[in-house]
Amino acid sequence: MNVWPLKFRPTHDGAILFADDAGGFFRSDGAFLDRYALGALTGSDREFLSANGHAFETEGDLDHTGFAYRWASRQAAAGDLAYVILVPTLRCNLACSYCQVSRADERARGHDWTEETLKAVIAFLDGLKTESIKVEFQGGEPLLRVDLLERVRAFCRRRFKSAEFVVCTNLQRLGAAEWAFIDAPDTFVSTSIDGNVATHRAQRTITDDKTEEFFSNLDLALERLGPGRISALPTIDVEAPPPAASVLDTYARYGIRSIYLRPINYQGFARKRHAALNVMDRWNAIYREFVDLMIERNAEGGETFEEYYLVHCLRRVLRTGQDGHVDLRNPNFLGRDYLVLDHDGRFYPTDEARMMTRIGQIDLSVGDIFSGLDTSKLDALNAHATNLFDPDCLHCPYQAFCGVDLVDDIAREGRIDGPKIHTDFCRRHTFMFDLVFELLYSRDPKVRRSLAIWAGVPDLPYSIAPEHA
Amino acid sequence: MADRKADLDAENSAAMEVEIEPALSDFAGAAVTRLGYLHPRATFNVRDHVIVVEGAIGDAPTMRRDVLHALYRERISDRGEDLRTRLIEGLLSR
Ligand code: SF4
């Protein structure tokens with residue numbers, strides 16, 4: 001019998017988690033680890049490994065083929081370019097404390113697409129192979145140039161078989177034209193609610209008038225569009241987080257049950273200062289508090305909550321093909337199926353790459369709308385786009401579920417070839433998958449109820465999390 | 001500052017030895033290379049049939065476990081390399 005290599009990691013409660021390259025996993029103990037690593041498996045070990053898809057007899061037999069199929073399904077296949085993030089203006093009518101690098105003053109000049117840029121954007125979209133497009137408008141505040149948004153949308157509706165639009169807006173000043181734009185059924189709104197009213201005011205709107213304007217526009221948007229077409233996320237200040245309960249209450253009040261918790265993404269010097277304050281550990285503690293509270297609330301019945309990214313990680317453990325989130329997939333080739341196009345016509349592989357270029361940390365632009373993509377730069381980055389051969393990931397039981405974020409590595413570590421295990425990306429995802437597996441192996445009925453809700457099944461059988469004694 | 005230096009000296013004076021099972025001896029070199037960057041404030045050297053750890057050892061049982069696990073991991077990935085290579089080559093040639 002041949003056993004596929006098993007990666008392992010001690011768990012919080014003294015057991016050991018094992019996983020193979022295709023994402024099959026189980027828990028056992030140190031005695032099994034010793035037997036496995038030293039080549040002294042017992043009959044019952046072999047029986048267990050065989051029954052759970054971790055072994056095969058001969059190459060090409062059913063077990064081998066099944067494993068190969070599962071392994072292949074774990075690899076993200078980058079399709080045609082079908083998702084573009086467009087930044088038609090950098091100007092914004094708010095000045096949020098942590099957003100100085102990605103905005104310009106509302107009255108500033110030279111921060112919008114020119115007519116020439118718009119025409120080039122439309123020609124670029126026209127040249128795409130895909131028949132189905134998703135366009136996300138970001139800024140600045142994109143609705144300040146609703147005229148440009150209208151022209152792009154009108155073109156896409158004609159050109160593609162299916163087209164979906166997302167406007168990332170602060171919902172601040174909405175006139176008839178802006179409302180008409182977001183009212184369309186193919187258009188979705190993504191906004192920010194920074195926890196509760198007080199935090200939102202402190203971090204974003206500053207004055208009572210602007211705070212009132214935002215929350216009344218949010219009410220109106222929910223009434224006109226329905227909660228299914230509005231998503232919101234809170235940006236949490238790790239040094240002054242709002243109470244978890246008040247954030248859940250605020251989101252519940254607006255009928256938003258899926259919350260994507262994110263810490264403030266500091267740039268430049270602010271990032272260095274915060275890195276010294278051990279933000280990661282503090283963030284993980286805050287995050288955990290939110291998840292625990294969601295589990296408590298979900299156990300009470302009624303409407304339920306989920307943390308978007310935790311559920312995404314959970315689904316990546318339980319199923320293959322969960323590659324829709326561009327920050328977590330493997331391989332994660334840049335500049336293939338999605339691109340960011342800035343206000344000056346420059347392409348970026350991700351929004352983070354755009355920020356880093358703006359603050360002068362490194363130029364990660366990959367060409368422009370007039371002369372095309374800089375494929376040599378993309379190729380240089382993409383040489384590291386997989387975790388398959390990384391010397392840390394190769395030993396990590398989370399490899400099949402985890403991914404690669406090259407831009408994040410450059411932003412935080414200044415390089416993409418350092419030890420993965422010391423990167424922010426790795427530390428964050430080690431925490432996330434530790435949490436997922438802790439929950440999966442929990443016997444607490446409250447946890448199991450939440451897991452079933454998040455996995456989208458009526459009941460989660462214990463067999464989903466195998467154990468080998 | 002003086003206290004900090006004293007702390008480091010105290011850490012640096014610590015040393016321990018972890019025995020290498022014969023089945024793992026071929027993997028000691030690779031294991032100490034990896035341990036060196038996992039624990040940058042400690043040093044790891046292979047001597048006869050032991051790995052000698054010096055410097056910031058921290059919790060001794062945890063360090064002992066980490067050394068053993070590093071040896072295990074190198075052996076597992078070495079033993080699995082052929083299976084992995086053939087799997088990937090097989091899939092890519094289809
Ligand atoms: S990045 Fe870290 S958590 Fe993810 S697979 Fe690699 S070693 Fe594991």
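Here are some questions and answers on a predicted model, working from computed values to the terms used for them.

Q: Why are helices α11(A) and α17(A) called roughly perpendicular?
A: The axes of α11 (residues 279–299) and α17 (residues 445–455) of chain A cross at roughly 90°. Angles of 65 to 115 degrees count as roughly perpendicular, so that is the label for α11(A) against α17(A).

Q: Which residues make the contact between α11(A) and α17(A)?
A: On the α11(A) side you'll find V291(A), M294(A), I295(A), E296(A), N298(A) and A299(A). From α17(A) come K446(A), V447(A), R449(A), S450(A), I453(A) and W454(A). Contact here means heavy atoms within 4.5 Å. Sorted by class, the contact has seven nonpolar, two polar and three charged residues.

Q: What makes the space lined by P5(A) and R73(B) a cavity?
A: The test is that a 1.4 Å probe fits but cannot get out. Three cavities of 30 Å³ or more turn up by this rule, and the largest holds about 70 Å³ of space.

Q: How do you know that the largest cavity is lined by residues of chain A and chain B?
A: Just read the lining: P5(A), L6(A), K7(A), F8(A), L394(A) and H395(A) are there, along with R73(B), I76(B), S77(B) and R84(B). Strand β2 (7–10) of chain A and helix α3 (60–92) of chain B each supply at least two of the lining residues. The biggest share comes from α3(B), with four residues. By class, the cavity lining comes to five nonpolar, two polar and three charged residues.

Q: Why is the second largest pocket said to lie between domain 1 and domain 2 of chain A?
A: Domain 1 (1–73) and domain 2 (83–376) of chain A both give residues to the lining, so the pocket lies between them. The centres of these two domains, taken over C-alpha atoms, are 40 Å apart.

Q: What is the volume of that second largest pocket, and what lines it?
A: The volume is about 790 Å³. There are 34 lining residues, and the closest to the pocket centre are R9(A), I421(A), C426(A), T430(A) and L38(B). Two or more residues each come from β2, α11 and α16 (424–440) of chain A and from α2 (28–38) and α3 of chain B. Helix α16(A) gives the most, with seven. The class tally for this pocket is 15 nonpolar, nine polar and 10 charged.

Q: What makes the peptide bonds G139(A) to G140(A) and N330(A) to P331(A) worth pointing out?
A: Both are cis: omega is about 10° for the bond joining G139(A) and G140(A), and near -5° for the one from N330(A) to P331(A). Most peptide bonds are trans. As for location, G140(A) sits in the loop between β9 (132–137) and α5 (146–159) of chain A, while P331(A) is in the loop between α12 (308–318) and β17 (338–341) of chain A.

Q: Why is I206(A) singled out for its phi?
A: Phi of I206(A) is near 65°, which is a positive value in a residue other than glycine. Most residues other than glycine have a negative phi. You'll find I206(A) in the loop between α7 (197–205) and α8 (208–225) of chain A.

Definitions and conventions: Residues numbered from 1 in each chain as written. Chains lettered and ligands numbered in written order. Predicted model: local features only at pLDDT ≥ 70, side-chain atom pairs only at ≥ 80, totals over all residues. Heavy atoms only, no water. Axes fitted to C-alpha atoms, helices over the stretch in contact; angles between N-to-C directions. Parallel < 35°, antiparallel > 145°, perpendicular 65-115°, else oblique. Nonpolar A, V, L, I, M, F, W, Y, C, P; charged D, E, K, R; others polar. 1 Å grid on protein atoms, 1.4 Å probe; cavity = no way out; pocket = protein on both sides within 12 Å on 5 of 7 lines; lining within 4 Å. Points joined across faces, edges and corners; volume = space filled by probe spheres on them. Domains from an automatic or database assignment.
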